[in-house]
Amino acid sequence: MKTFLFSLNILLILVITSLLKVDNIRSEIYSQLVLYLGGVKVAFVGDSLTRRNSDLAMLVGGMSFHSKNFAIDGYTIPQIQRQLTDSVIPKSPCLGVVMAGTNRQEGDSLAENTQKYKNMLASLTAQNISIIVMETFLTDNSDVNNYINQLNANIKAYALDKEIVYFPSNDYLSDEHALISRFSLDGVHLNQTGYEVLNQQLLPYIKQNYISRRRECNNIF
């Protein structure tokens with residue numbers, strides 16, 4: 001009987017270890033632990049560029065289980081705004097880390113998307129949630145980059161005016177005004193190396209620049 005139980009435990013450990021090597025499963029397990037054990041104190045929102053950074057929440061939240069990645073592939077600024085209203089803000093996070101703008105609805109102008117982005121950030125500050133805005137990643141497409149650069153400039157100016165922390169993503173991921181090829185899978189999305197370079201800068205930046213606005217959030221880092 002002891003031999004059987006020992007073997008069963010070994011098998012269970014092997015199964016769990018194998019599952020944790022699968023990014024989606026590992027991040028989903030951590031997400032559920034956050035909801036049941038720690039609660040959402042840090043919320044990451046955005047599109048596939050944030051969603052595919054699968055270990056980001058775990059790296060920030062650690063054993064405190066307080067960080068959740070809400071990002072969804074393909075989401076535009078209006079979709080992220082609706083997600084904030086429906087799913088994120090009701091969790092009362094202390095900090096929202098936001099990156100948006102790569103995906104656009106057809107026909108939306110730069111001015112329209114800039115205003116929608118500002119409205120999205122304003123919805124967080126209205127709820128007394130601290131914000132770190134991540135600069136939208138450049139791509140390998142010059143036309144797309146022209147739009148992204150203008151959007152980033154507009155949002156950076158807004159962040160400066162509203163005293164919102166702004167993380168300069170492209171300082172670490174881009175060279176000569178385009179995404180560095182060795183950091184990318186397809187000229188848009190980052191590969192493992194790209195995320196490692198990003199997170200090496202982003203994780204300490206989040207902890208150093210977090211500004212608490214509520215008593216219950218004083219000690220999340």
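**Helix α9**

I looked first at the kink in α9, which is about 30° and centred on N199; the bend at a residue is taken as the angle between axes fitted to the seven residues ending there and the seven starting there. The model is a predicted one, in which local features need pLDDT of at least 70 and side-chain atom pairs count only at pLDDT 80 or more, while totals for chains, interfaces and linings use all residues. I note also that residues are numbered from 1 along each chain as its sequence is written, and that side-chain values use heavy atoms, with hydrogens and water left out.

I then checked the extent of α9, which runs over residues 192–209, has 18 residues and reaches 25 Å from its first C-alpha to its last, close to the 26 Å expected at 1.5 Å a residue. The expected span is 1.5 Å times one less than the number of residues, and helices (H or I, at least four residues) and strands (E, at least two) are DSSP runs numbered from the N terminus.

At the start of α9 I found a side-chain oxygen of N191 that reaches to within 3.1 Å of the backbone nitrogen of T193.

I listed the buried residues of this helix as G194, Y195, L198, N199, L202, L203, Y205 and I206, where buried means under 20% relative accessible area, exposed over 50% and partly exposed in between (1.4 Å probe, protein chains only). N199, the centre of the kink, is thus among the buried residues. An α-helix has 3.6 residues a turn, so residues three or four places apart point the same way.

**The disulfide**

I searched for disulfides, defined as a pair of cysteine sulfur atoms within 2.5 Å, and the count came to one. C94 and C217 form it, with their sulfur atoms 1.9 Å apart. Because C94 lies in the loop between α5 (77–88) and β3 (95–98) and C217 in the segment after α9, the pair ties together parts that are 123 residues apart in sequence. The torsion about the S-S bond is about -80°, so I recorded the disulfide as left-handed. C94 counts as buried at 1% relative accessibility, and C217 counts as buried at 1% as well.

**Positive phi**

Most residues other than glycine have a negative phi. I therefore noted F65, a residue other than glycine whose phi is positive, near 50°; F65 sits in the loop between α4 (56–61) and β2 (67–69) and is buried, with a relative accessible area of 13%. S92 also has a positive phi, near 55°, and is found in the loop between α5 and β3, where S92 counts as partly exposed at 43% relative accessibility.

Conventions: A polar contact is a pair of N or O atoms within 3.5 Å; within protein, one must be able to donate a hydrogen and the other to accept it, and residues adjacent in sequence count only if both atoms are side-chain atoms.
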